[in-house]
Structures are given as C-alpha cells and as structure tokens.
2 protein chains.
Amino acid sequence: MTLSDVAGHAGVSVATASKALNGRAEVAPSTRERVLRAAAELSFQPNALAAGLISGRTRTVGLLTDELGGRFAMSILLGAENALGNGQMSVLLCDARGDAIRRQHYIRTLLARQVDGFIVVGDSNEVSPSLTQQIPVPVVYAYAESTDPRDLSIVADDEGGARLAAEHLVSHGRRRIGHITGPDSYRAARDRAAGLRTVLAEAGLSPAGDPLFGEWSQRWGRHAARLLLAARPDVDAIFCGNDQVAAGVADTLRDLGRRIPDDVAIVGYDNWEFFAEDCRPPLTTVDLNLEQLGATAVQHLIAALDGNAGVGVIRQQGRLVVRESTGPALPRR
Amino acid sequence: MTLSDVAGHAGVSVATASKALNGRAEVAPSTRERVLRAAAELSFQPNALAAGLISGRTRTVGLLTDELGGRFAMSILLGAENALGNGQMSVLLCDARGDAIRRQHYIRTLLARQVDGFIVVGDSNEVSPSLTQQIPVPVVYAYAESTDPRDLSIVADDEGGARLAAEHLVSHGRRRIGHITGPDSYRAARDRAAGLRTVLAEAGLSPAGDPLFGEWSQRWGRHAARLLLAARPDVDAIFCGNDQVAAGVADTLRDLGRRIPDDVAIVGYDNWEFFAEDCRPPLTTVDLNLEQLGATAVQHLIAALDGNAGVGVIRQQGRLVVRESTGPALPRR
DNA sequence: GTGTCCCACGAAAACGGTTTCGGCAAGATG
DNA sequence: CATCTTGCCGAAACCGTTTTCGTGGGACAC
C-alpha cells in the first residue's frame with residue numbers, strides 16, 4: 001500500500017503519482033485522474049510520517065498540561081482539539097500532573113516526535129514558568145501566563161468577567177452586594193474581587209463588607225453565607241467566586257428563609273453547568289469561554305508556525321449567562 | 001542536529017553512531033562513550049519519526065472518543081494517557097463528537113499517521129458499532145461494548161457495582177430499599193437496577209417499590225424522592241443511579257425532615273467527588289474505577305500489538321467508597 | 001518544413017535514520 | 001607460522017515520500 005504500488009498500478013512513476021495526489025500543477029488531468037483512481041482502488045493511505053519527515057511539518061502539536069483532570073483543562077483541550085482538527089492538524093496529549101520531571105520527559109518526547117509547536121495549558125490562570133528556552137518550536141500558553149513577557153499567553157479575563165457580573169447586578173437595582181470567593185492565593189479570586197470593586201466604585205456603591213476569601217467549595221459557600229448574613233443582614237446580592245460556592249450560598253439562603261432572587265440575588269462564576277443549571281434556582285453565572293480560549297491559542301500557534309508569532313498577554317473575554325438566580329430588575333425605590 | 005552531525009563530531013560513521021545510541025552490542029565501549037558524549041554536547045534529539053518509519057512502530061496510539069466533554073471520557077483518557085506514557089508511547093487525541101463523518105475522517109487521519117493501534121472510548125458503557133473492519137491495526141473498546149464479539153471491549157461492571165452498594169446497605173441493616181435512577185434507555189441504569197434486585201432477592205428482601213427511572217439530574221432526584229416517600233413512607237434506604245440524583249434525593253429528604261443516615265441511608269453511583277464529597281452528608285457511592293479502566297484498555301492494546309490479542313468483554317470492577325450518608329450499621333431489631 | 005516553446009513526465013537525489021554485510025585487525029589455536 | 005575465530009567498524013542498501021532537474025515530444029508560429 002505504498003506510493004510505488006499506486007504508481008505501478010496507474011502506470012506512472014512515483015514522482016508523478018506524488019504530484020498527482022498532492023494536487024500539484026505539473027500533471028495532466030487525465031493522468032491525475034488515473035492516479036487518483038488507482039489510489040482509491042488500492043485504498044492507499046499516504047504515509048504522513050515520511051511526508052512530515054521531509055517537508056519539516058508534521059502537522060502535529062503537543063499539548064502539555066499540568067492537571068488534565070481539573071475542571072478547566074478539559075474545555076480548553078476540547079476547543080483546541082477542534083480548532084486543530086479544522087486545520088488538519090492533530091494533537092499529542094501529555095499530562096505532566098504537576099511534576100517537573102514528568103514535564104521534562106514529555107517535552108523531550110514531544111520534540112522527538114517532531115511536533116510543530118506546543119500549547120502549554122495551565123490549570124489556574126496563574127503566572128507560570130516559561131518553558132520556551134527549552135523548546136525550539138513555537139509555544140503558546142493557555143490559561144496560564146508565562147513569566148517571560150516575550151512569550152504569548154492567552155488567559156481568561158477574570159476581572160472583565162467579574163465586571164460583567166457586577167454590572168448585571170447593579171443594573172438590576174441591587175445596591176448592597178457581598179462577595180464570597182475562593183482563596184486569595186488564587187489570582188482568579190483576587191482579579192474577580194477587583195472587577196467587582198471597580199464596578200461598585202464606578203456606580204458610587206460601597207461593597208457589603210470585605211470579600212470573604214475561603215475555598216472553592218460548596219461547604220465554604222454555605223458557611224460564608226451565614227457569616228455574611230450575620231454581619232450584613234441587609235445584603236441584597238451576593239457575587240460568588242465560582243458556581244460551587246454559589247450553590248452553597250444558595251443552600252444557606254434557603255435554609256435561612258431568604259428568597260432567591262427576590263430578597264437576595266446570586267451570581268456564580270465558571271458556568272459549570274452541572275452546578276449552575278441544577279441549582280435552586282438555576283444560577284446566573286459567568287462563562288469563561290474556555291473552548292474559545294483553546295481555539296484562540298491554536299489560531300495564534302498556527303500564526304506562529306507561519307512566522308507571525310505574537311507576543312504578550314491576550315485576555316479571553318467571558319460571557320454572562322443569565323438564569324433565574326438574579327431575576328428581573330428590581331423596581332426603583 | 002542530525003545523526004550524521006553526531007557521527008562526524010565523534011569521528012565515526014552514522015552506522016556506528018546509530019548502534020551506539022541504540023545500545024546495540026556490536027560497538028566498543030570506548031566508541032560508544034565517545035558517541036554518547038558527542039550526542040550530549042550537540043543535544044541531539046533522535047528523530048522518532050524516521051525511526052518509526054523504518055521499524056514500523058510509531059509508538060503512538062489513536063484515542064477516538066465520541067464525547068470528550070462528557071463526565072467519563074476524561075477519567076478514562078487520564079488513565080490511558082498515564083499507562084501509555086509508562087510504556088513510552090504517546091496518544092493522539094480525536095473527538096468525533098458523536099458525528100459519523102467526523103469519526104470517519106479521524107480514522108483516516110490516525111491511520112495516515114501510522115498509529116500502532118486504536119482505543120475507542122464510548123460515553124455510556126453501551127453497545128456501540130464495531131469499527132474494526134475499517135481499521136487494519138489492533139483496536140480496543142473502552143467504556144463501550146463492540147457489536148462484534150470478536151473485538152475486545154472493556155466495560156464498567158455496573159451490575160457488580162450495584163451489588164456492592166446493595167450489599168453494603170443490606171449488611172448495615174437496611175430492609176426497605178428504594179431505587180431512583182436515570183432513564184431506562186441506559187444500560188447502566190438497567191444493569192444497576194438488576195444488581196440491586198439480585199442482592200435483595202438473595203437476602204430475601206423485596207424492594208421498596210419499583211425502580212424509579214427518570215433522568216440523571218439532581219432535579220429528578222428531588223422530584224422522585226417525593227414520589228417514593230409518598231408511596232413508601234417507611235423506606236429506610238435509597239440506592240441512587242448516580243451521584244447527582246443522590247444529591248437531589250438528599251435535598252428532598254432534608255426538606256422533608258428525614259435524617260440521613262439515621263432515618264434513611266443513601267448510596268450514590270459514580271463517585272463524582274464534587275457532588276459526593278460536598279453533599280450533605282457526604283455520599284457513600286460506587287467508584288467506577290475509570291482510570292483503571294483506561295489503563296486496562298492500554299494493557300490489552302499493548303498485548304495485542306505484541307500479537308496476543310484478546311477477545312470478548314472484560315468487566316472492570318467498581319469500588320465502594322463509604323462516606324457518611326450510610327452511617328454505621330443499624331442495631332438489629 | 002523548420003525552429004521554438006512549453007508541458008507532461010520520469011530519473012534521481014535528498015531526507016534521516018536502521019540494518020545488512022563485508023572487511024580488517026587482533027587474539028586464539030594448531 | 002598458518003589458520004580460524006571474534007569483535008568493531010564503516011560502506012552501502014533501504015524505507016516512502018518530496019523535490020529538482022533533465023528530457024522528449026507535441027503544438028504552434030513562421
């Protein structure tokens with residue numbers, strides 16, 4: 001099932017067969033047709049390896065992740081895989097599991113396989129060490145920001161997403177807005193808090209208490225909601241750092257007899273549909289657009305392969321998904 | 001950075017360099033050392049493509065999935081990727097998204113890339129059409145059962161997992177056990193119901209009502225729990241078809257003032273930790289061992305590559321994870 | 001009829017490795 | 001000293017494809 005078989009079957013040389021199959025101009029239409037027919041009859045599979053070996057492009061990229069099992073890598077991978085497939089490229093997947101030795105090993109492996117480029121997927125939108133010096137092919141960082149500003153990083157715009165959420169609450173007449181979120185060791189938590197703060201300042205509102213930093217769990221949401229309600233019983237909206245926290249907050253509000261959204265509106269973050277849609281009531285939340293982020297990373301990688309490498313940090317915008325937990329706008333009082 | 005560079009630098013022929021780097025016997029230790037040193041100095045990366053091209057093994061397998069975004073594919077992928085990495089192999093990832101045309105396209109692509117074998121990952125442990133005729137290399141089906149009994153399929157043992165759960169409840173003194181689960185169009189739902197039925201029959205118990213088939217959601221769990229409690233107020237345990245349903249059931253029980261596990265014990269299924277651990281109380285549940293399933297698939301694929309192809313259906317056992325929702329054994333009455 | 005041009009095609013080189021095979025030298029054996 | 005064995009090494013073939021370049025012939029103009 002090699003090219004010479006096809007050539008023999010079609011009565012031409014391998015050179016001609018190669019040109020015919022690759023759509024090059026210097027071959028007569030009748031001959032081309034004969035070759036194509038022969039290839040079809042023999043169900044010939046061109047050997048992409050040899051092709052890549054010669055032309056230098058394997059049409060393969062390595063995707064290096066730290067925590068594939070996490071919540072976010074999956075969606076990015078999905079978007080990237082799709083975008084690559086559309087560009088007739090394939091993805092070699094490697095999960096370093098946060099282990100530097102594994103990462104080194106995988107970088108070597110992927111380079112040995114002659115990948116055309118790398119996508120390094122982070123797990124928390126944080127700053128992460130640049131690997132570019134060790135890698136002689138283009139690299140794009142996704143959901144992570146490389147320490148080296150000469151690298152290209154695509155990150156989620158947490159601050160912008162938080163502004164979407166906050167503006168939604170403010171425009172719906174909420175005035176006393178609390179914030180319950182994850183650990184302040186996470187940049188995502190800090191950025192989201194900052195986005196909220198900015199919007200409140202612009203609207204001339206003061207936040208209902210300091211942001212409550214804790215952990216990214218339903219349990220913390222339940223606990224923190226009690227704290228917040230005790231300190232600020234008049235709170236009329238809670239912006240939560242993610243959907244799990246929001247689900248916990250909703251639990252507590254229900255337990256304490258507050259109606260959602262009538263008394264208190266809730267906004268989550270991440271649009272993790274299992275939580276957001278199944279929450280009581282379904283959560284208004286911010287979608288990170290991670291699939292799009294993966295696709296964007298691929299686009300820029302392909303551009304880099306063509307010699308148009310980008311530089312700096314690109315922020316992928318989020319998208320507000322409105323469900324019932326914020327309800328209609330309150331009447332002006 | 002090619003082999004001839006290394007050879008030149010070491011003052012030997014490419015042939016000798018090749019043998020030295022590949023650890024073949026017919027090269028003097030001193031020469032080998034010289035070559036290795038040269039390779040290190042030039043930081044030579046052997047070109048795995050050319051190697052594969054010649055020896056016929058690319059040490060790459062294609063992983064074809066239908067629904068990568070789903071709950072289950074991820075874990076299987078994780079286990080498979082890890083097992084392949086340990087065997088110095090890499091995985092090319094393709095997500096057909098349930099589209100037959102995409103699937104065909106990806107099969108062609110993967111074959112063109114000369115993968116050594118395929119792992120076809122299903123999304124629901126169901127029977128799924130055999131692709132083996134179109135694929136001239138070994139294929140293993142994971143979390144799906146091929147229609148062709150001559151293929152090798154690795155599936156989750158849903159009936160066995162349900163037995164684990166049911167035996168746990170029975171041995172803890174529960175006697176009136178209800179079942180709320182997903183659509184009966186899912187084999188997983190039917191198998192799990194069957195496992196429960198078997199155990200109850202063996203223990204001489206009759207089920208608390210017919211299994212309630214619905215959907216795999218928290219919402220359905222909440223609704224069905226009301227139905228079940230209305231029909232069988234004396235129920236003392238509910239085995240749920242998955243953890244989302246269980247979380248919904250727990251919601252309703254709490255709303256109706258039943259204590260978990262004192263009045264009613266709950267067992268879930270899937271060990272989806274976000275739900276199971278964050279539930280009130282944390283859920284006893286059955287872990288599908290999907291990572292192990294992925295690893296098992298890889299093992300069998302590697303065996304098939306060595307000419308020891310297996311046949312038939314292998315059931316991957318589940319594992320009971322005991323948390324608080326089933327509590328200690330009830331005192332005998 | 002002759003000269004020119006262009007087009008289709010094929011021979012051959014290249015790519016980066018592995019593998020086969022032959023040769024050479026050193027040591028063992030008679 | 002002659003012969004045989006053994007161990008190392010390199011020349012060359014090979015893999016399947018692309019690409020370059022040369023060639024032959026047909027078409028067209030004059």
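## Close-up views of a predicted protein–DNA model

**View 1. Q292(B) counts as partly exposed because its relative accessibility is 38%.** Three classes are used: buried means under 20% relative accessible area, exposed means over 50%, and partly exposed lies in between, with a 1.4 Å probe and protein chains only. Q292(B) belongs to helix α12 of chain B, which comprises residues 290-305. Helices (H or I, at least four residues) and strands (E, at least two) are DSSP runs, numbered from the N terminus. A distance of 35 Å separates the C-alpha atom of Q292(B) from that of D263(B), although the two residues are 29 positions apart along the chain.

The model is predicted, so local features need pLDDT of at least 70 and side-chain atom pairs count only at pLDDT 80 or more, whereas totals for chains, interfaces and linings use all residues. Residues are numbered from 1 along each chain as its sequence is written, chains are lettered from A and ligands numbered from 1 in the order in which they are written, and side-chain values use heavy atoms, with hydrogens and water left out.

**View 2. The protein surface near DNA strand C contains 21 residues.** A residue is near a strand if one of its heavy atoms lies within 4 Å of it. K19(A), A28(A), T31(A), I54(A) and S18(B) come nearest to the strand. Helix α2 (14-21) of chain A and helix α2 (14-21) of chain B each supply at least two residues of this surface. By class, the surface residues comprise nine nonpolar, eight polar and four charged. Here Ala, Val, Leu, Ile, Met, Phe, Trp, Tyr, Cys and Pro count as nonpolar, Asp, Glu, Lys and Arg as charged, and the others, Gly among them, as polar.

**View 3. Phosphate oxygens of DNA strand C lie close to polar atoms, including one in the side chain of T16(A).** The distance from that side-chain atom of T16(A) to a phosphate oxygen is 2.6 Å. At L3(B), a backbone N or O atom is 2.6 Å from a phosphate oxygen of the strand. The side chain of N22(B) places an N or O atom 2.8 Å from a phosphate oxygen. Sugar or phosphate accounts for 62% of the strand C atoms within 4 Å of the protein, and bases account for the rest.

**View 4. Two cis peptide bonds are shown in chain B, one preceding P261(B) and one preceding P281(B).** The bond from I260(B) to P261(B) has omega near 5°. P261(B) occupies the loop that joins α10 (243-255) to β11 (265-267). For the bond from R280(B) to P281(B), omega is near -10°. The loop between α11 (273-276) and β12 (285-287) holds P281(B).

**View 5. N125(B) and N289(B) are non-glycine residues with positive phi.** N125(B), with phi near 60°, is in the loop between β3 (117-121) and β4 (127-128) of chain B. Its relative accessibility of 2% is why N125(B) counts as buried. N289(B) has phi of about 60° and sits in the loop between β12 and α12. N289(B) is also buried, because its relative accessible area is 19%.

**View 6. Chain A, shown for context, contains twelve helices and 14 strands.** Its C-alpha trace spans about 85 × 40 × 30 Å along the principal axes. Of its 333 residues, 55% count as buried.

Methods
Polar contact = N/O pair within 3.5 Å; in protein donor to acceptor, adjacent residues only side chain to side chain.
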